[in-house]
Structure formats: structure tokens, C-alpha cells
Amino acid sequence: MNELPARLDAASLRARLDGPAPPRLLDVRTPGEFAAGHIPGSYNVPLDMLREHRDELCRHLDEDVVLICRSGVRAGQAERALAGAGLRNTRVLEGGIAAWEAAGAPLNRDGRNRWDLERQVRLVAGTIVLAAVLGSAAVPGLKWAAALIGGGLAFAALTNTCAMGMLLAKLPFNRGASCDLGTISAQLAGEERAA
């Protein structure tokens, strides 16, 4: 298995989508992020669900799959999870939705302004650190909450994972009613029959 997933830039993906056999697009962001803006025709399969049900999902996927997230990091993690289940020829959209949008490519939006998961992590981490530092004037032990968050952020950077992001992804704001394994499997299977 390759250490780095194969990358595909926005222009190349647009060309492939306009071709005779477009790839299947799996967006591994949270349902809230997906609703805020996604590539037309893509399926929302949040990373935590993909990891947990990768064998089931692989039964509905062919070898021509492009994985999408905000920046490419979560899509790379999804690529490794699918490779572990035997699906090896996936691609990752280089730069994710941010690069797609910067290239002027079309996005479907639900009209509500939602924050992406990385921005939510910055807000929560920053708020905790600020509150802990300010509160430590009255309760000196609070400075350790700031240190804990700082250590967690350093660990997240070193391991390319984010426990706070995984927790925030489970909040109702980031979940969607249609984002369950049965619905996703039915959508993927329906496209197979139509193709």
C-alpha cells in the first residue's frame, strides 16, 4: 500500500466528471459541512462512519472513487481506511473543497452558513484556553486546562488526528438525519443499478 494517497487536482477532477465514466465522489466531512457546500453528485459518508463500516461500504464501491474533505487530510485518512478493506485505487481531491471552490468549480449549498469542523475546533480550543488563562487569575489551577488544550493541539498536529474534532463531529449541529449507514448504502447501491 502506498504511504501517500494518489492526489487529483480540481481541474483534473472537473475533466473526469465531464468524461464518459465519471468517478464516484465520497465526501467524508460532517453532514453540516456537506450541507454548507458540496460537489454536485457527491455522497456524504462522514469519516467516522466510513472507518466503522468500511467493509460494508466497499461492497458498493468500484475502483474509481475520489475522496473529498475540506483540505485533503480527512480524505487521506479515508483512503487509508478503504485501502485496509481492499479498495486500493482511490484518489484524494488535492486541497479538498477549499481548492475546488478556489478553482471556481460548482458547489451545491443548502443556504445555511455552517462552519467547517476545523473552524469549530479553533473556536472551542481558543475559548477554553482564553477562559482558563483569564480564570487562572482567580483560580491558579485553571492554567493547567490551557496547558492540556495546548498539549492536545500539539499531539493532534504530530499524529494528524484530532480528538476534539471527532467529538465535535458527533454534535447535532454536525449530524444529519440522512447520514446513516442504511441510507448511504441504499444511495450507493441505487447508483450501481442505474449505471
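This report walks through the fold, the sheet, the nonpolar cores and the largest pocket of a predicted model.

## Overall make-up

Let's start with the chain as a whole. The protein chain contains 10 helices and five strands. Of its 195 residues, 40% are buried. Contacts that reach far along the sequence are well represented: among those between residues at least 6 apart, 72% join residues at least 24 apart.

## The sheet

The five strands make an open sheet, and reading across it gives the order S1-S5-S4-S2-S3, with parallel pairing. Strand S1 (6–8) and S3 sit at the edges, each pairing on one side only.

It is worth going across the sheet strand by strand. S1 and S5 are parallel and share three bridges, with alanine 6 matched to arginine 91 in S5. Strand S5 (residues 90–93) in turn pairs with S4, again in the parallel sense and over three bridges. Here arginine 91 turns up once more, this time as the bridge partner of valine 66, while valine 65 stands opposite threonine 90 in S5. Next, S4 and S2 run parallel and are joined by four bridges; one residue to look for is aspartate 27, whose bridge partner in S4 is isoleucine 68. Finally, S2 pairs with strand S3 (residues 43–44) in the parallel sense over two bridges, and leucine 26 has tyrosine 43 as its bridge partner in S3.

## Two faces of strand S2

In a regular strand, side chains alternate between the two faces of the sheet. Strand S2 (residues 24–27) shows two such directions: Arg24 and Leu26 point one way, and Leu25 and Asp27 point the other way. Whichever way they point, all of these residues are buried.

The two leucines of this strand also belong to separate cores. Leu26 is among the residues with the most contacts inside the largest nonpolar core, whereas Leu25 is included in a second, separate core of 12 residues, along with Ile39, Trp100 and Leu107.

## The largest nonpolar core

The largest nonpolar core has 21 residues, and those with the most contacts inside it are Leu26, Val28, Leu50, Leu61, Leu67, Leu82 and Leu188. At least two core residues come from each of helix H3 (47–52), helix H4 (54–58), strand S4 (65–68), helix H5 (73–84) and helix H10 (181–194). H5 gives the largest share, with four residues.

Valine 28 is a good place to look closely. Beyond its neighbours within four places in sequence, valine 28 is in contact with Val45, Pro46, Leu47, Leu50, Leu67, Ile68, Cys69, Arg74, Ala75 and Ala78.

## Leucine 57 and the far end of the chain

Is leucine 57, in helix H4, buried or exposed? Leucine 57 has a relative accessibility of 2%, so it counts as buried. Setting aside neighbours within four places in sequence, the contacts of leucine 57 are Val45, Met49, Leu50, Leu181, Ile184, Ser185 and Leu188. The last of these, leucine 188, is 131 residues away along the chain, yet the two C-alpha atoms are separated by 8.4 Å.

## The largest pocket

How many residues line the largest pocket? The lining is made of 23 residues, and Arg74, Leu117, Thr161, Cys162 and Gly165 lie nearest the centre of the pocket. The volume of this pocket is about 570 Å³. Its lining is made up of 12 nonpolar, six polar and five charged residues. Helices H3 and H5, helix H7 (117–135), helix H8 (143–159) and helix H9 (163–169) each supply at least two of the lining residues.

Some residues here link back to earlier sections. Arg74, one of those nearest the pocket centre, is also in contact with valine 28. Helix H5 contributes to the pocket lining as well as to the largest nonpolar core.

## Glutamine 77 in helix H5

Helix H5 also carries glutamine 77. Why does glutamine 77 count as buried? Its relative accessible area is 12%, and buried means under 20%. Apart from neighbours within four places in sequence, glutamine 77 is in contact with Leu47, Arg51, Asn160 and Thr161. Thr161 is also among the residues nearest the centre of the largest pocket.

Technical notes: Residues are numbered from 1 along each chain as its sequence is written. This is a predicted model: local features need pLDDT of at least 70, side-chain atom pairs count only at pLDDT 80 or more; totals for chains, interfaces and linings use all residues. Side-chain values use heavy atoms; hydrogens and water are left out. A nonpolar core is a set of buried Ala, Val, Leu, Ile, Met, Phe, Trp, Tyr and Cys residues joined through side-chain atoms within 4.5 Å. Buried means under 20% relative accessible area, exposed over 50%, partly exposed in between (1.4 Å probe, protein chains only). Contact means heavy atoms within 4.5 Å. On a 1 Å grid over the protein atoms alone, a cavity is a set of points where a 1.4 Å probe fits but cannot get out, and a pocket is an open set with protein on both sides within 12 Å along at least five of seven lines; lining residues have an atom within 4 Å of a point. Grid points are joined across faces, edges and corners, and a volume is the space filled by probe spheres set on the points. Ala, Val, Leu, Ile, Met, Phe, Trp, Tyr, Cys and Pro count as nonpolar, Asp, Glu, Lys and Arg as charged, and the others, Gly among them, as polar. Two strands pair if DSSP finds at least two bridges between them.
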